[in-house]
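Visitor: I would like to take one close look at a single part of this model, with every cut-off stated once, rather than a tour of the whole chain.

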Amino acid sequence: MDQKQTFWSRVLQLAKAKLNQGAYDFYVENAQLLDIASNRAQIFLDSPYKQLFWDQNLKDILITAGFEIFDSQIAIDYQFTTDTPEQAIVSKPVAQLQEEQSPHPDIKPQYTFANFVQGINNQMAKAGALGVADNPGIYYNPLFIYGGPGLGKTHLLNAIGNKALENNPNARIKYVSTETFINDFLDHLRLNKMEQFKEIYRNLDFLLIDDIQFLRNKASTQEEFFHTFNALYDKNKQIVLTSDRNPDYLDNLEERIVTRFKWGLTTDITPPDLETRIAILRNKCEEYPYDFTDDTLSYLAGQFDSNVRDLEGALKDIHLLASVKHLTEITVDVAAEAIRARKQTNPINTVIAIETIQHEVGEFYGVSLKEIKGAKRVQNIVHARQVAMYLAREMTDNSLPKIGKEFGNRDHTTVMHAHNKIKNMLSDDENLEIELTTIKNKIRN
Ligand code: ADP
Ligand code: MG
């Protein structure tokens with residue numbers, strides 16, 4: 001083996017040890033070392049989107065292997081074609097890449113129209129969404145989609161963003177949760193940078209704003225939102241909003257705003273019928289390496305009837321059980337065993353207290369309640385604290401500031417940071433996922 005090959009085998013070996021199988025297959029399997037010379041490695045990735053993952057998770061491995069084999073610090077260039085380097089698009093620094101390739105890191109590429117299963121329950125909403133993605137500002141402005149949790153509102157909002165970008169890669173699109181909009185506004189206000197805020201929000205082609213019900217009771221943000229809305233509307237720029245309820249039921253929201261919500265198309269999404277639920281399951285289970293019998297899919301579709309998120313959760317439960325037991329075929333019995341806990345705890349309306357979460361997380365990691373709420377920066381305490389913040393965010397309806405307050409009066413940005421950190425860790429740490437599932441079950445019981 002020459003040095004180049006030795007280097008690459010070492011990289012693969014280290015990557016395999018660090019990542020779980022799924023992440024390895026997806027991010028590393030198709031990568032190639034095109035060349036390494038003068039301490040610069042040219043690495044081919046089959047999609048520019050994978051570069052961020054490499055930068056965040058595999059850079060240390062490349063550097064380590066570089067030192068081991070070449071005894072020096074190597075630099076890394078990513079390429080997205082296997083052409084010779086002169087013809088290839090050599091990579092830019094990530095910040096610049098995001099600007100160019102993906103100026104919209106807030107839009108989730110996995111939510112598309114193609115993988116949104118249509119049923120009678122959502123066909124109007126989907127048609128409206130497609131309509132505005134292809135013809136912004138013309139037919140329905142604003143588009144207002146409402147419905148209960150887990151029915152695909154956020155999915156559709158992102159699908160609009162992705163389609164619009166496909167139609168026009170230069171489109172200025174912002175997907176934002178209402179909570180982020182509020183925080184963004186308050187931050188800019190506090191820092192005396194409102195001009196910048198206006199610059200960002202009033203010069204868009206699309207404003208996609210999720211869960212607008214959270215604007216209720218936020219008087220000063222409502223005022224700013226009103227002006228943002230008008231500025232965009234007057235320029236025929238597309239506004240899309242989602243909400244958990246019909247505009248008529250948005251109390252504590254200024255009348256002039258609610259009125260504007262009804263100027264365009266208002267459409268709801270209702271829970272999917274049995275047939276649609278089976279179709280959704282059929283679609284989703286393709287992501288998993290098991291055979292699901294038709295019986296199993298019908299069975300699962302019969303167990304969860306109000307929320308697509310539960311259907312997905314059930315597939316994850318099955319995945320956990322199947323990987324522990326090394327199963328390849330999923331029968332009704334297996335499915336029933338896997339979802340038992342989820343079914344018992346399904347009354348989604350039971351309110352969970354932050355203190356319960358802190359208590360259970362503390363028990364699990366052997367950390368006291370006082371330590372979780374306190375300021376000690378010992379590693380295991382910090383981890384437990386961050387997990388508790390993450391779960392408080394995921395399992396309760398409390399706002400970020402409220403959660404921060406419950407953790408020894410911390411700032412909301414600390415909670416946001418903890419949430420992001422654990423979320424990122426979860427994406428490539430299966431053990432953590434199992435830990436969290438265990439803790440969640442305890443919290444719910
Ligand atoms: P909401 O924003 O309405 O609470 P989400 O958009 O977050 O719901 O949907 C919850 C999950 O269910 C997401 O993973 C989404 O992809 C999935 N989902 C919802 N509806 C559909 C559908 N019709 N087809 C495919 N997946 C769906
Ligand atoms: Mg949502």
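Which residue stands opposite Thr242 in β7?

Guide: Ile145 stands opposite Thr242 in β7, and this pair is a good place to enter the sheet to which β7 belongs. Residues are numbered from 1 along each chain as its sequence is written, chains are lettered from A and ligands numbered from 1 in the order in which they are written, and side-chain values use heavy atoms, with hydrogens and water left out. The model is predicted, and local features therefore need pLDDT of at least 70 and side-chain atom pairs count only at pLDDT 80 or more, whereas totals for chains, interfaces and linings use all residues.

The strands come in the order β5-β6-β7-β4-β8, an open sheet of 5 with parallel pairing. Strands here are DSSP runs of E with at least two residues and helices are runs of H or I with at least four, both numbered from the N terminus, and two strands pair if DSSP finds at least two bridges between them. At the edges stand β5 (173-177) and β8 (265-268), each of which pairs on one side only. Direction ignored, neighbouring strands of this sheet are turned by 15° against each other on average; axes are lines fitted to C-alpha atoms, for helices over the stretch in contact, and angles run from 0 to 180 degrees between N-to-C directions. In general, strands of a sheet pair through backbone hydrogen bonds, either parallel or antiparallel.

Around β7, the pairing can be followed on both flanks. β4 is joined to β7 by 4 bridges, and the two run parallel; on the other flank, 4 bridges join β6 to β7, again in the parallel sense, and here Phe206 stands opposite Gln238 in β7. One step further out, β5 pairs with β6 (residues 206-210) over 5 bridges, also parallel, with Asp210 in β6 as the bridge partner of Ser177.

Two helices pack on this sheet. Helix α6 (residues 153-167) touches β4 (143-146), β5, β6 and β7 (238-243), and its direction makes about 165° with that of β6, where contact means heavy atoms within 4.5 Å. Helix α9 (residues 219-234) touches β6 and β7, and its direction makes about 140° with that of β7. Together, β6, α9 and β7 make a right-handed β-α-β unit; a crossover is called right-handed if, with the strands pointing away from the viewer, the path from the first strand over the helix to the second runs clockwise.

The accessibility of β7 deserves attention, since 6 of its 6 residues are buried and the strand is mostly covered. Buried means under 20% relative accessible area, exposed over 50%, and partly exposed in between, with a 1.4 Å probe and protein chains only. In a regular strand the side chains alternate between the two faces of the sheet. In β7 both faces are covered, with Gln238, Val240 and Thr242 buried on one side and Ile239, Leu241 and Ser243 buried on the other.

Helix α6 can be read in a similar way. Because 12 of its 15 residues are buried, α6 is largely enclosed by the rest of the structure; among the buried ones are Leu156, Leu157, Ile160 and Leu165, but also Lys153, His155 and Lys163. The buried residues of α6 pack against α5 (123-134), β4, β5, β6 and β7. The length of α6 is also consistent with its residue count: at 1.5 Å a residue its 15 residues should span 21 Å, and the end C-alpha atoms are 21 Å apart, the expected span being 1.5 Å times one less than the number of residues.

As for records, UniProt annotates residues 139-270 as "domain: AAA+ ATPase" in an unreviewed entry; its positions are given in the numbering used here, feature names are shortened, and annotations may be inferred rather than shown by experiment. Over those residues the chain is 45% helix and 18% strand, with the end C-alpha atoms 23 Å apart.

For comparison, another open sheet has 3 strands in the order β1-β2-β3, with mixed pairing. There β1 (32-37) and β3 (75-79) stand at the edges with a single partner strand each, so one side of each is left without a neighbour in the sheet. Neighbouring strands of that sheet are turned by 20° against each other on average, direction ignored.
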